[in-house]
Amino acid sequence: MQIYLPIAEISVNIFLILGLGGGVGFLSGLFGVGGGFLITPLLIFYGIPPAVSVATAANQIVASSVSGVFAHWRRGNVDIKMGLVLLAGGIVGSTVGVWVFAWLRSLGQIDLVISLCYVIFLGIIGGMMLLEATRAIFRTRRKGPIRRSKKHQHSFIHGLPFKMRFYRSGLYISALLPLAVGFFVGMLTALMGVGGGFVMVPAMIYLLGMPTGVVIGTSLFQIIFVTANVTFLQSVQTQTVDVALAILLLIGGVIGAQFGAQFGARLKAEHLRALLGLLVLSVCLKLLFDLVIEPDELYSIMPGDL
Amino acid sequence: MSSPARFIASICLSAFAIIATSTPMKRALADPLVVDLSNHLVAITTGFTGTDVLLFGAVQNEGDVIVTVRGPDQDMVVRRKERKVGIWVNAESARYKNVPAYYASASNRPMDIIAPQNILQDYRIGLDNQRFIAVSDNPDADQKVYRDALVRNMQNAGLFNQRPAKISFLSNQLFRTDIHFPANTPTGTYTINVYLIRDGRIASVKTTPLVVSKTGVSAEVYEFAHRYSALYGIIAVIIAVIAGWIASVAFRKR
C-alpha cells in the first residue's frame, strides 16, 4: 500500500516504512541509542531527500526516546541533574548545527559532510566499543580480577573548574565536561539526524566515568529534548520535517523499542556493547565503501532555488 | 486512471468523432484541430502513485501530430563528482535556468520524419531542442556534458521521458495518447501543446493547460508546514511525545 508524503513529496510503501521504524526501534530499545544513525541512511537510500530524512529522523527519535526513557525511569536509571547539564550544552550545539546544516546545503556539500561524519564517528566509536567489550568478555570468561572503574583515577579532567556533585552517578566532576559533550552531540544531532546516543553513551562511560546502569536512561532523557529542539528548528528554517513520515516511523519505532528494552534486560552489558560495536562498524564500512567506489552516475542535480 | 474516467473519456472521444466527421467546420482556420484531456487537474492525494492522463483530439484533414507537455520552469544545479584524496566529492557545477520540472513528448511517427529539424528547433519540440539557459558560475564547464547529465538525471527520475511516446490514430482523423505522470510529479501549471503538421510545416497548434496540485490532507499538511512553521514544529514534537508515552503505557501492563 502506497502513501504520498506531504513534505518529502514522494509516495512510499507504508509497510516498508513501518517495518523500518520497527526494526530500528528494536535496536533503539536494546542499545539505548536513538537509532537515527540507521534510520537516516536507510531513508536516504529509499529515495527520501537527505534534508527531509535528517529532520524527520530527529522527530522520530523524540518518540522512540520518550517511550524508551519511561522503562529506565521506573527503574531509577536516569540521572536528571547530569541530564540537564548535558541538555544545556545540547540545545546550544543543536542550534548551531541546524545553522551549519543550512550553510553546507547551499554549498552542495551536505551529503559529503553527512557521510564523512558517519564514517569518522561510527568508525572510531564502533571500533573502540568492540575492542573494549571483547576484552571485557574474555576477562569475565577467565574469571580474572575485574578492573576498577575509571572514576577514581585522577587526570586533567579532575582539575577543571565549576565542579558539581552528581549523586545518582556518584560523581564529583566539572560541569564543563558534560556541557562540552552535550554541545558536541547536539551538533551531530542537527548535522546527521541522529540522537547521538552512539557518541553520548561511550562518552558518558569512558569520559565522564558514569556507571553503566544510568548511562542509557540519562542519554535517552537528554536526547528527547535535543531532538525536539532540532525538530522545531528544522520546521521553522527548512520546512523539511515530514509529520506523516515521522508518524509511520514512530508507530513502528515505539513498538519495536519496547521489545528491544525487554530483550536487552536479558543480555550482559559487555555483550550488548560488543553487538552495538559490530553494528556501528558495519554501517561505517558500508558508507565508506560508497564514498570510495566510483559512482555509476558522476553527476547529480538539485533544484537551484534552495 | 480509474475505469469511470476512462469510460467518460471514451464517450467524449466518440462525441468528438461525431463532431469531427458530421459538423462542417466553417471557421477561417484552414486546418481545424480539436484537442481535450480526460482530466485538466492531476490531484495529488494521499494515495497518489502516479497517473495517466488521456489526451484525445481530432483533425479534419490528414496530418501528423506532435504533443509536448512541459511542466513549470525551475533553476537546476548540476554537480560533478571528482575523486579527491580517495573519495568522491562534488566538485565543479553548472547552473541552468528555464529547466522544465517535467517534459514529455509524443508523436504518431518519428519526429524527424514528420518535420524538418529547423521547425522542431524553432518550436522547441523534443528534449534535444529544449534551451536551458546556462547561468554557470563555471564558464569552463563543458556545457554539452552538463546538459546531457541534467537530462539523464531527469530521465532517471521519471520526469523527462526517455523517448517520445506513441500517438495512435483511430481513423485518419481521431487520435489519442496517454501522458504518464509519475509519483514524484512536481506541482504547478503544465502547458500542453498539440501541433498538427503537414508537408513539413506546422498547420495548426492547440495549447491547453493542465494543473498538477496537491489536494486533501497532504495539501493541508504542506500548506500548514510552510505557513505556520513554528506551530507545525511544536505539533510535530507533541505528537512524538504522546506517541512515545502511549507506547510506554501500553507495554507497561505486560
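In which hand does helix 7 of chain A pass helix 8 of chain A? The crossing is right-handed, and I shall use this pair to open a short account of helix packing in this structure. Please bear in mind throughout that we are looking at a predicted model.

Let me stay with that first pair. Helix 7 of chain A spans residues 197-208, and its axis comes within 9 Å of the axis of helix 8 of chain A, at a crossing angle of roughly 140 degrees. Angles over 145 degrees would count as roughly antiparallel; helix 7 and helix 8 of chain A are therefore oblique to each other. On the helix 7 side, the residues that meet helix 8 are G197(A), M200(A), V201(A), M204(A) and I205(A). Their partners in helix 8 of chain A are T212(A), V215(A), I216(A), T218(A), S219(A) and I223(A). Sorted by class, this contact has 7 nonpolar residues, 4 polar residues and no charged ones.

Helix 8 of chain A, residues 212-237, also packs against helix 4 of chain A, residues 80-107. Here the axes are 9 Å apart and the angle is about 30 degrees, which makes helix 4 roughly parallel to helix 8 of chain A. This crossing, too, is described as right-handed. From helix 4 of chain A the contact draws on residues including M82(A), G83(A), L86(A), G90(A), S94(A) and V98(A). Helix 8 of chain A contributes, among others, T218(A), F221(A), Q222(A), F225(A), N229(A) and L233(A). The class count for the contact of helix 4 with helix 8 of chain A is 11 nonpolar, 9 polar and no charged residues.

A third pair has another composition. Helix 1 of chain A, residues 14-31, crosses helix 3 of chain A at roughly 45 degrees, and their axes come within 10 Å. These two helices of chain A are therefore oblique to each other, and their crossing is right-handed. G21(A), G25(A), S28(A) and G29(A) of helix 1 are in contact with helix 3 through Q60(A), S64(A) and G68(A). This contact has 7 polar residues, with no nonpolar and no charged ones.

I turn now to the annotation. An unreviewed UniProt entry marks as "transmembrane region" several spans of chain A, among them 83-104 and 204-228. In the model, residues 83-104 of chain A are 100% helix and 0% strand, with end C-alpha atoms 30 Å apart. For residues 204-228 of chain A the helix content is 88%, again with 0% strand, and the end C-alpha atoms lie 21 Å apart.

Next, the contact between the chains. Chain A and chain B each bring 47 residues to it. Elements of chain A that supply at least two residues each include strand 1 (2-4), helix 3 (50-74), helix 8, helix 9 (243-264), helix 10 (269-292) and strand 5 (299-303). The largest share on the chain A side, 9 residues, comes from helix 3. By class, the side of chain A that touches chain B has 30 nonpolar, 14 polar and 3 charged residues. Helix 3 of chain A thus appears both in the packing with helix 1 and in the contact with chain B.

Finally, chain B itself. Its division is into domain 1, residues 3-215, and domain 2, residues 216-254. Within chain B, 5 residues of domain 1 are in contact with 5 residues of domain 2. On the domain 1 side, these comprise 1 nonpolar, 3 polar and 1 charged residues.

Note on methods. Residues numbered from 1 in each chain as written. Chains lettered and ligands numbered in written order. Predicted model: local features only at pLDDT ≥ 70, side-chain atom pairs only at ≥ 80, totals over all residues. UniProt positions renumbered as here; feature names shortened; annotations may be inferred. Helix = DSSP H or I, 4+ residues; strand = E, 2+ residues; numbered from the N terminus. Domains from an automatic or database assignment. Contact = placed C-beta atoms within 7 Å. Nonpolar A, V, L, I, M, F, W, Y, C, P; charged D, E, K, R; others polar. Axes fitted to C-alpha atoms, helices over the stretch in contact; angles between N-to-C directions. Parallel < 35°, antiparallel > 145°, perpendicular 65-115°, else oblique. Left-handed = near helix turned anticlockwise from the far one by under 90°.
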